[in-house]
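New to this one? Take a moment to turn the model around on your screen, and then we'll walk through it together.

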Amino acid sequence: MIAYILRRLLHAVFVVFIVSIVVFGLLHALPGGLARAQLGLGAKRLQVHELEVQEGLLKPLPVQYVIWAWHALRGHLGFSYKLNSPVGALLVRYLPRTLLLVGSSTLFALGVAVPLGLYQGLRRNRVDDHLISVSMLVFYAMPDFLLGSIAIILLNLDLPVFPSTATAFGLNLRADVLVLILPVLTLFLGSVAYFSRYMRSSVIDNLLEDYVRTAYAKGQTTRGVLYRHVFRNSLLSVMTLIGLSLPYVFSGALIIETLFNFPGIGLLFYDADLTRDFPVLLGVLLVVTVTVVLGSLLADFGYALLDPRIRLFEEKA
Amino acid sequence: MSEEQFGALPREGAVETGGSIVEVLVHGTDVPPALGAPAGGSMARRRVAMLLENKMTVAGLVVIVGLILFSFVGPLIYHTNQTGSFLLRENLPPSGRFPLGTDPEGRDELGRLMLGGQSSLEVGFGVAVVATLFGMMWGAIAGFTGGILDSLMMRIVDALLAIPLLFFIVLLASIIRPNLVLIFLVIAAGSWMEMARLVRGEVLALRERDYVAASRVFGARSHRIILRHLIPNVMGVVVVAGTFIVADSILAFAALAFLGLGVPPPATSWGDLLTIGVDNVFNGFWWQLWPAAVALVLVEIAVNIVGDGVRDVVEQRLIRR
């Protein structure tokens with residue numbers, strides 16, 4: 001178990017290292033150079049040169065990478081001239097809100113998708129299974145912004161219940177909960193479709209396994225077989241899906257936050273893209289990716305705790 | 001593909017013409033003789049027959065072909081001016097003259113839907129082909145070579161997979177100004193990794209098989225084993241995963257349009273139409289949103305259903321094996 005955790009940690013560190021190289025590479029792929037990108041096209045050559053000296057942009061690239069990585073490690077991700085704030089401070093303010101959005105929608109989605117998938121797996125190819133599958137597919141097939149817009153049309157315009165923008169987030173608890181409902185609902189619908197589809201096929205696969213037949217042969221009740229063998233094994237494979245789904249959920253958050261004007265890291269990224277605020281863009285990209293890596297690391301550890309094969313035998317990952 | 005090609009020796013003989021990618025794609029779906037050739041008809045033909053037994057899959061295929069015809073052949077029959085703007089007839093509701101009304105520039109919405117379908121479908125299928133080929137090569141090389149190169153290549157895949165696709169392509173699209181070809185390459189750059197991982201896993205299992213060892217004993221080089229034995233055998237899973245890339249990249253393309261990084265007007269895509277439609281549906285111009293929404297959702301559902309159908313066929317083969 002400890003060896004497994006260490007191996008996964010090492011793996012995660014290496015992945016973050018490669019991500020940092022990709023992000024650093026993008027930073028230096030900016031047309032005209034980083035200093036020109038920050039100062040704008042009207043800047044004089046001398047000003048550009050001054051900033052380049054000041055930011056150490058004339059040093060060799062590997063040296064610059066080491067300096068940048070050292071700063072990033074200590075939380076110094078650069079300074080946003082557009083927002084007049086250190087990027088680190090911006091991230092500390094915006095990231096928790098996105099985590100709240102992403103985390104709550106994923107939890108709700110699991111809470112609904114697991115029983116739903118189990119039900120569908122048991123009722124395989126009946127009318128209700130097909131009906132649920134098709135309606136889930138419709139949610140799965142819709143772009144997030146369309147799903148969100150439909151939610152606004154139905155729940156905000158036709159039935160004016162929930163606010164459709166979230167600019168004033170963080171003022172008081174009751175308002176915040178109301179504000180979260182539509183964005184969370186939108187992300188939730190997309191995730192439910194994703195998880196329940198997987199749960200359904202996983203249940204169907206497990207029902208065909210020999211150990212299920214054996215359990216029945218031993219005289220175990222249907223309920224016992226379903227809970228002890230089918231449900232628990234299927235849940236395990238859905239667990240692995242949580243880590244894999246994280247990048248998609250964050251992508252969804254980028255769209256949802258833009259649509260609902262929810263002040264999270266996705267909106268920060270979108271606004272930075274409009275104003276070409278490169279330190280913020282790259283800081284967000286790095287932090288989101290590290291968050292995803294940490295999230296999948298946690299999901300893997302949870303999986304290892306639940307799965308006796310890894311817990312007891314330290315199987316090769 | 002004729003039956004005698006399943007005999008081991010004639011097939012090996014035919015290989016000498018060279019293992020081009022096209023050839024692999026054409027001959028790709030058959031299984032090497034070691035697995036036992038079924039009597040009557042090629043494996044590929046049998047699998048297509050199995051696929052067509054599934055009514056849902058057939059319905060999905062019909063919808064996809066229908067939408068392709070609608071987008072690409074439609075404009076040849078239904079002529080509209082999609083480049084000008086016509087201020088006297090903007091935002092008109094559906095009528096005899098404009099079956100789906102007009103857009104904010106006064107262009108015919110039905111013609112616009114066809115034009116938008118062209119770019120959306122081109123991106124969807126084009127990205128799938130490019131990302132599939134690249135991911136397949138990457139995964140096959142990593143899995144076949146093994147060792148440090150394999151670890152390094154797969155860590156790069158892990159790293160790129162950890163970057164949320166939209167963040168990655170929004171940043172790339174803002175560094176390089178968007179036009180259709182670049183958007184296409186950017187989405188492809190963010191879509192090949194899962195394919196690579198999948199193919200590598202398959203190749204790791206396949207390369208231990210006897211016919212690969214036999215081929216090596218005959219003196220075959222690595223690139224030849226990859227092209228002639230490994231890639232043809234992973235084609236089943238590749239086609240399944242490729243189908244889902246089509247669905248995902250059409251959605252990613254639409255999301256980019258929503259973020260203002262779509263194709264520049266007067267060109268359009270279903271995503272651009274949806275974005276305009278979402279704004280204008282609040283003015284009561286429902287015809288600017290729902291037709292595009294239906295088209296996009298239809299193609300997504302159809303592609304997913306076909307993907308599921310293909311997977312069923314491929315997995316049946318795996319189970320039988």
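What follows is a short tour, moving from whole chains down to single helices.

Before anything else, keep in mind that this is a predicted model. Let's start with chain A. Its domain assignment splits the chain into two parts: domain 1 covers 1–82 + 278–317, and domain 2 covers 100–274. The two parts touch, with 13 residues of domain 1 of chain A in contact with 13 residues of domain 2 of chain A. If you look at the domain 1 side of that contact, you'll find 8 nonpolar, 3 polar and 2 charged residues.

Now swing over to chain B. What is chain B built from? It has 14 helices and 0 strands, so to describe its order from the N terminus you just say α fourteen times over. Of the 321 residues in chain B, 45% count as buried. And if you take the contacts in chain B with a separation of 6 or more, 71% of them come from residues 24 or more positions apart.

Next, how do the chains meet? Chain A brings 35 residues to the contact and chain B brings 30. On the chain A side, these helices each supply at least two residues: α1 (2–28), α6 (127–141), α7 (144–158), α10 (222–260), α11 (265–274) and α12 (278–306). Sorted by class, that side has 28 nonpolar, 4 polar and 3 charged residues.

Two of those helices are worth a stop of their own. General background helps here: a pair of packed helices is described by the angle between their axes and the distance between the axes. For α10(A) and α11(A), the axes come within 7 Å and cross at roughly 75°. That angle falls in the 65 to 115 degree range, and the two helices are therefore roughly perpendicular to each other. From α10(A), the contact uses A253(A), L254(A), E257(A) and T258(A), while α11(A) offers G266(A), L267(A), F269(A) and Y270(A). In class terms, this contact has 5 nonpolar, 2 polar and 1 charged residues.

Last stop: α7 of chain B, residues 147–162. This helix has 16 residues and spans 23 Å from its first C-alpha to its last, close to the 22 Å expected at 1.5 Å a residue. Which residues of α7(B) are buried? They are V157(B), A159(B), L160(B), L161(B) and A162(B). What do these buried residues pack against? Their partners are α1, α10 and α12 of chain A, along with α10 (193–206) of chain B.

Key: Residues are numbered from 1 along each chain as its sequence is written. Chains are lettered from A and ligands numbered from 1 in the order in which they are written. This is a predicted model: local features need pLDDT of at least 70, side-chain atom pairs count only at pLDDT 80 or more; totals for chains, interfaces and linings use all residues. Domain bounds come from an automatic or database domain assignment. Two residues are in contact if their C-beta atoms, placed from the backbone, lie within 7 Å. Ala, Val, Leu, Ile, Met, Phe, Trp, Tyr, Cys and Pro count as nonpolar, Asp, Glu, Lys and Arg as charged, and the others, Gly among them, as polar. Helices (H or I, at least four residues) and strands (E, at least two) are DSSP runs, numbered from the N terminus. A residue is buried if 20 or more other C-beta atoms lie within 10 Å of its own, exposed if 12 or fewer, and partly exposed in between; C-beta atoms are placed from the backbone. Axes are lines fitted to C-alpha atoms, for helices over the stretch in contact, and angles run from 0 to 180 degrees between N-to-C directions. Angles under 35 degrees count as roughly parallel, over 145 as roughly antiparallel, 65 to 115 as roughly perpendicular and the rest as oblique. The expected span of a helix is 1.5 Å times one less than its number of residues.
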